[in-house]
Amino acid sequence: MFGSFIKKSRAKSPWIMHFDCGSCNGCDIEVLACLTPLYDVERFGVVNVGNPKHADVLLVTGTVNHRNKKVLKNIYDQMPEPKAVIAIGACGNTGGVFREAYNVVGGVDKVIPVDVYVPGCPAKPEAIIDGVVAGLAKFAQKVEEAK
Amino acid sequence: METLILVIIGLVGAPLAGGLLAGLDRRVTAWFQSRQGPPIMQAFYDVAKLFGKEKMVVNQWQILCAWVYLVAAAASVALFFAQGDLLLVIFVQAIGAVFLVMGALSTKSPYAQVGAQRELIQVLAYEPILVLVFVGFYMVTGSFSIEAIWAQETPLLAKMPLLYLALGYALTIKLRKSPFDFSTSHHGHQELVKGVLTEYSGPYLGLIEIAHWYETILVLGLCALFWHTNVAWMALLLAATYMLEILVDNTMARMTWRWMIKRVWLLGMGMSVVNLIWLYAG
Ligand code: SF4
């Protein structure tokens, strides 16, 4: 019984951590807009934490470049399983307009595995919330399969 | 036999009540900010989720410290419900607080280190207040035991109102609310990440959360002793106190530790001492 309560709770308490890989700040303010009274993602139990060790979902915005890819990997490794990664915006997905710059690696999935891609430039708050929900469903499935 | 039943009620009921209170707290906070807020059960979901996560520790000390913190918090609540000695209750609780700090100090993370030192300063600020409140209980009842308080005819609030206000400071610090939330705040992305809790994760963070519920109930229990004669008034007093805490939390910014020491020691201890002199003279 306790096991099923834990499983149910996972989807009800996603603590998100937001990492900015050098975005133009467009996507970041949209992520933070989700926390405002208008969208109020805290309704779904979402808490914006600043510590990868407490986080369940990693939201990555901006283009990954050669300097910050190590940081991204490090943050990802510090998150305890089960976890999900959501790439936000054109930059997070593929590198966006910056993909051809000499210092840019490309999308987040070049460095760490990504579960959900949220498109847009910037991504809309509704799309981000949608992405988080889809991400939770994915990681519930992952946990199921691992057992 | 009766004591045993009370202890069991305390051990089982306190975390349930504490968790519900934490959920309610978030609801009321959301209401202040004209949001809807999470479900009341949210605190239980959070902890259940934490127990389902991977066990990650920096060193073995952390496991011990998290458990000792929980056991000490539960033991102090059990002693409280067993109508035991107030001094014993506070010493057991202090052991837990010290182990929480030790767990943070055992890691190399600078956030945890700074958080641990700030937590120590907080302990330094509220413990004397608690002891002075107990001295007040002693002067009124002639004993440190909770049983002696229940034997009183009139509510203690009439005799020690200033001590109650001072206890409010201790409550704010213990609940980790603004302006005194500088060792670990509810919003961990600011300033110190999460202070003492930075290096705890998964199930161990869950243990600490449960211990925190026990402590919340313990301090609220101390507040309840001020109006022991009537259950309705006691409930009203607690509700009003807690609402005031949430209001203060939402309207105040975090302050520095120097500000806290000055406020709590000068105002809190000052009020306590004035009240004690009044009790002595009266
Ligand atoms: S996707 Fe657009 S808005 Fe988002 S970081 Fe890239 S350029 Fe900025």
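A salt bridge is a side-chain nitrogen of Lys or Arg within 4 Å of a carboxyl oxygen of Asp or Glu. In this predicted model, the side chains of Asp56(A) and Lys53(B) meet in such a salt bridge, with 2.6 Å from N to O. The pair crosses between chains, running from Asp56(A), in the loop between β2 and β3 of chain A, to Lys53(B), in the loop between α2 and α3 (60-81) of chain B. Because buried means under 20% relative accessible area, Asp56(A), with a relative accessible area of 1%, is buried, and Lys53(B), at 7% relative accessibility, counts as buried too.

Asp56(A) also takes part in a salt bridge with the side chain of Lys49(B), at 2.7 Å from N to O. This pair likewise crosses between chains, with Lys49(B) placed in helix α2 of chain B and Asp56(A) in the loop between β2 (47-49) and β3 (57-61) of chain A. Lys49(B) and Asp56(A) are both buried.

These pairs belong to a wider interface, in which 32 residues of chain B are in contact with 29 residues of chain A. The area buried between chain B and chain A is about 2500 Å², and carbon and sulfur atoms give 56% of this area. On the side of chain B, Tyr45(B), Lys49(B) and Lys53(B) lose the most area to chain A, together accounting for 25% of what that side buries.

Between chain B and chain A, the count is six salt bridges, and 18 residue pairs are in polar contact, with both residues at pLDDT 80 or more. The elements of chain B that give two or more residues to the side touching chain A are α2 (42-51) and α8 (202-224), and the largest share of that side, eight residues, comes from α2(B). By class, the side of chain B that touches chain A has 13 nonpolar, eleven polar and eight charged residues.

Over all chains, the count comes to twelve salt bridges. Within chain B, Arg176(B) forms a salt bridge with Glu119(B), the closest N and O atoms being 3.1 Å apart. This pair links distant parts of the chain, since Arg176(B) lies in the loop between α7 (161-174) and α8, whereas Glu119(B) lies in helix α5 (residues 110-141), 57 residues apart.

Turning to nonpolar packing, the largest nonpolar core has 99 residues, and those with the most contacts inside it include Leu58(A), Phe137(B) and Tyr200(B). The largest share of this core, 14 residues, comes from α8(B).

How values were computed. Residues numbered from 1 in each chain as written. Chains lettered and ligands numbered in written order. Predicted model: local features only at pLDDT ≥ 70, side-chain atom pairs only at ≥ 80, totals over all residues. Heavy atoms only, no water. Contact = heavy atoms within 4.5 Å. Buried area = accessible area lost by both parts, 1.4 Å probe. Polar contact = N/O pair within 3.5 Å; in protein donor to acceptor, adjacent residues only side chain to side chain. Helix = DSSP H or I, 4+ residues; strand = E, 2+ residues; numbered from the N terminus. Nonpolar A, V, L, I, M, F, W, Y, C, P; charged D, E, K, R; others polar. Core = buried A, V, L, I, M, F, W, Y, C linked by side-chain atoms within 4.5 Å. Buried < 20%, exposed > 50% of the residue type's maximum accessible area, 1.4 Å probe, protein only.
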